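Colleague: I'd like some help reading salt bridges and burial in a model. Could we go through it together?

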Amino acid sequence: MRTVLISGAGIAGPALAYWLHRYGFAVTVVERAPAPRTGGYKVDIRGPAIDVAERMGILEDIQRSSSDMRTGAYVNSRGKRIATLPADIFGARVGRDDEIMRGRLVRILHERTRADVAYRFGDSITSLTPLTGSGECGVEVAFERGATRRFDLVVGADGLHSTVRRLAFGPEERFLRHLGGYLSAFSLENELGLDREELYHALPGKLTCVYHSAGEPGAKGLLGFRSPRLEYDHRDTERQLDLLDGAFAGDGWQIPRLLEAAREADDFYFDGLHLVQMDRWSRGPVVLLGDAAHCASPASGQGTGMALVGAYVLAGELAAAGGDPAVAFARYEAEMRGYVAANHALAEKFAREMTPPTWWQIRLRHLMLRMLPHMPWKNWVARKVAEDVQRGAHAITLKDYPLPPVAAAPPAQPTYAA
């Protein structure tokens, strides 16, 4: 049985672990956090990603945990609603497309895999040493807190700031392309009394959002702003909060309360809108998956779908190649490259459009949204709004990889580093 180490217990890592276990691989997942990360914003699952979720047997779980958003609205500085539309138009969702809080999807994937996969929380990789010569192969992996171990394959599914990518390919600055903006997300109390609705407030070069989704006791806040690349440590929360304060200083509506809530939140997130662009996603027995390989930034709205689809493809190609990484990784890239390119283009387009730089552009957008419900061709306009997103979501055709039958397994608890 071939052994695989996956770094990252977010979405891509556990999804890959599910498929690899089905194909007979022995899988370990290492995660820096002490437990599954249950924070984050709402994420969309569209097109082929819905098909992957169905093949995994988690689609009904996702549907039961849907955000069930009803409406989205733009508001002015006094909180007056300027334009209100169905949430699916804001989210460019059609057919079976769905939306779920990221933390809920993480829990679903963890529950689906924890009986079959060795999870190691509270630890991280510190070095990767490929083994060559004397008939040896694989990778010797050193951990921050655990003993050194050998694995046949190592997968970096550890996000935009991937440790595996840095160790195997070099500094992240070589691969990150800044799209001209920053985004913050965090939890806060639902003081506005929202019920499955989202409110947007636009300022030149800035966008603010507060929303509530089904089953959540509180609300979520989003703050986005245009900016050239800023220098800061991605683990330095105080510096990130200061940058956020500086970007929104003096702004009205709910923004002062949001800035205060960001400082109080235990799930504060802040990062740039970046693409990860690489000539190759593998080196020997090490391969990258999801954002670590090809982050399309939150601007694309496709990161979760790409993670689920990529996990399905990578595992399927490894099984089809009999575990041979050279063959499997080349086929994995061949299947995914066009899909990734389409969604990178989508991210670039939306990153430009999400924060209009002038008041007249903002007012024109408000006018168009206000008029849309009264237009006789509103359904056609709604389809056009979703067209670009759907083109990106459907930019891959899933292969049918043969699967062995599901084997029964006794329940197990997740393991945590001492």
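**Salt bridges and burial**

Modeller: Let's start with one residue: arginine 120 is partly exposed, at 29% relative accessible area. Keep in mind that this is a predicted model, where local features need pLDDT of at least 70, side-chain atom pairs count only at pLDDT 80 or more, and totals for chains, interfaces and linings use all residues. Residues are numbered from 1 along each chain as its sequence is written, and side-chain values use heavy atoms, leaving out hydrogens and water.

Colleague: Which relative accessible areas count as buried, exposed or partly exposed?

Modeller: Under 20% is buried, over 50% is exposed, and partly exposed is in between (1.4 Å probe, protein chains only). Aspartate 123, at 2%, is buried.

Colleague: What joins the side chains of arginine 120 and aspartate 123?

Modeller: A salt bridge, with 2.8 Å from N to O. The rule asks for a side-chain nitrogen of Lys or Arg within 4 Å of a carboxyl oxygen of Asp or Glu. That gives 38 salt bridges here.

Colleague: Where do glutamate 197 and arginine 81 lie?

Modeller: Glutamate 197 is in strand β13 (residues 197-203) and arginine 81 in strand β5 (residues 81-86), so their pair ties together parts 116 residues apart in sequence. Strands here are DSSP runs (E, at least two residues), and helices are too (H or I, at least four), numbered from the N terminus. The closest N and O atoms of this salt bridge are 3.2 Å apart. Glutamate 197 is buried at 10%, while arginine 81 is partly exposed at 38%.
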